[in-house]
Amino acid sequence: MSRKLSAGLLLYRRSNQDHEIILEVLLGHMGGPFWARKDDGAWSLPKGEYVHGEDPFAAAKREFEEELGSAPPVVVYRDLGSVTQPGGKLVTAWAAEADFDADGAVSNTFELQWPPGSGQMQSFPEIDKASWFTVEVARVKLVRGQRPLIDRLLQMLDNLS
């Protein structure tokens, strides 16, 4: 059995707070009953699975639109490479500087038998909310396997300056 593949986009923006430039990233809180009462370690970059042979960047843009309800901004994206999450899923990501209305995000849904064993299927959003976080806060909010992407973003920005 081959490992699962996932691709996503990490948007970042710079904002001025108290005369200081602050770097923020856009994350989505994972939907469904398992994540409902969790916050720290329950956020992800907008991403989703794709199949072997599919273009991962095209999949990342498709998944962004499915999870946030809008096409990704038309800007330059830079490859952040891949990370392996604890469960073995390979996540490939691209970063771009762009703004996005997190409050207006509307996710697609998935079906899940809930409560377990009840025989009743319920619909849940893949992402139940989106928000901008400073990189320091994002390190806490992100699922553990995606945290290295923050370091890669910072390294990329250092290399660009």
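This is a conversation between a trainee and a mentor about a predicted model of a protein chain.

Trainee: Which elements make up the protein chain, and in what order do they run?

Mentor: The chain has 3 helices and 9 strands. Starting at the N terminus, the order is β-β-β-β-α-β-β-β-β-β-α-α.

Trainee: What makes the chain as compact as a globular protein of its length?

Mentor: Set two values side by side. The radius of gyration is 16 Å, and the globule rule gives 15 Å for 161 residues; the two are close, so the chain counts as being as compact as a globular protein of that length. As for its extent, the C-alpha atoms fill a box of roughly 55 × 40 × 30 Å along the principal axes.

Trainee: How much of the chain is buried, and how much area does the chain expose?

Mentor: Of the 161 residues, 44% count as buried. The exposed area is about 8700 Å², with carbon and sulfur atoms supplying 51% of it. You may also like the contact figure: among contacts between residues at least 6 apart in sequence, 63% join residues at least 24 apart.

Trainee: Let's try single residues. Why is Ser15 called buried or exposed?

Mentor: Ser15 has a relative accessibility of 18%. Buried means under 20%, so Ser15 counts as buried. This residue lies in strand 1.

Trainee: Which residues does Ser15 touch?

Mentor: Not counting residues up to four places away in sequence, Ser15 touches Glu20, Ile21, Ile22 and Glu24. For a sense of distance, the C-alpha atoms of Ser15 and Lys89 are separated by 33 Å, with their positions 74 residues apart along the chain.

Trainee: Where is Asp18, and why is Asp18 called buried or exposed?

Mentor: Asp18 sits in the loop between strand 1 (5-17) and strand 2 (20-30). Its relative accessibility is 76%. The cut-off for exposed is over 50%, so Asp18 counts as exposed.

Trainee: What about His19?

Mentor: His19 is also placed in the loop between strand 1 and strand 2. With a relative accessible area of 81%, and exposed meaning over 50%, His19 is therefore exposed.

Trainee: What is the sign of phi in Asp18 and in His19?

Mentor: Phi of Asp18 is near 55°, a positive value in a residue other than glycine. For His19, phi is near 65°, again positive in a residue other than glycine.

Trainee: How do you know which class Ser82 belongs to?

Mentor: Ser82 has a relative accessible area of 30%. Partly exposed covers the range between the 20% and 50% cut-offs, so Ser82 is partly exposed. Ser82 lies in strand 5 (residues 78-84). Leaving aside neighbours within four places in sequence, Ser82 is in contact with Leu90, Val91, Thr92 and Arg152. Ser82 and Gln146 are 64 residues apart in sequence and 9.4 Å apart in space, C-alpha to C-alpha.

Trainee: And what makes Asp151 buried, exposed or partly exposed?

Mentor: The same range applies: partly exposed lies between 20% and 50%. Asp151 has 41%, so Asp151 is partly exposed. You will find Asp151 in helix 3 (residues 148-160). The C-alpha atoms of Asp151 and Arg139 are separated by 9.3 Å, and these residues are 12 apart along the chain.

Trainee: Which residues line the largest cavity, and how do they divide by class?

Mentor: The structure holds 1 cavity of 30 Å³ or more, and about 30 Å³ of space lies in the largest cavity. Leu10, Leu27, Leu45, Leu142, Gln146, Leu149 and Ile150 line it. The lining divides into 6 nonpolar, 1 polar and no charged residues. Leu and Ile count as nonpolar.

Trainee: What is the volume of the largest pocket, and what lines it?

Mentor: The largest pocket has a volume of about 440 Å³. It is lined by 24 residues, and the closest to its centre are Met30, Lys47, Glu67, Lys89 and Glu126. Strand 4 (47-50), helix 1 (56-68) and strand 7 (109-113) are the elements that give two or more residues to the lining. By class, that lining has 10 nonpolar, 7 polar and 7 charged residues.

Trainee: One last question: where is the cis peptide bond?

Mentor: Look at Trp114 and Pro115, which a cis peptide bond joins, with omega about -5°. Pro115 has its place in the loop between strand 7 and strand 8 (121-125).

Definitions and conventions
Residues numbered from 1 in each chain as written. Predicted model: local features only at pLDDT ≥ 70, side-chain atom pairs only at ≥ 80, totals over all residues. Heavy atoms only, no water. 1 Å grid on protein atoms, 1.4 Å probe; cavity = no way out; pocket = protein on both sides within 12 Å on 5 of 7 lines; lining within 4 Å. Points joined across faces, edges and corners; volume = space filled by probe spheres on them. Helix = DSSP H or I, 4+ residues; strand = E, 2+ residues; numbered from the N terminus. Buried < 20%, exposed > 50% of the residue type's maximum accessible area, 1.4 Å probe, protein only. Rg over C-alpha atoms; globule rule 2.2 N^0.38 Å. Contact = heavy atoms within 4.5 Å. Areas by Shrake-Rupley, 256 points an atom, 1.4 Å probe, with all protein chains shown as cover.
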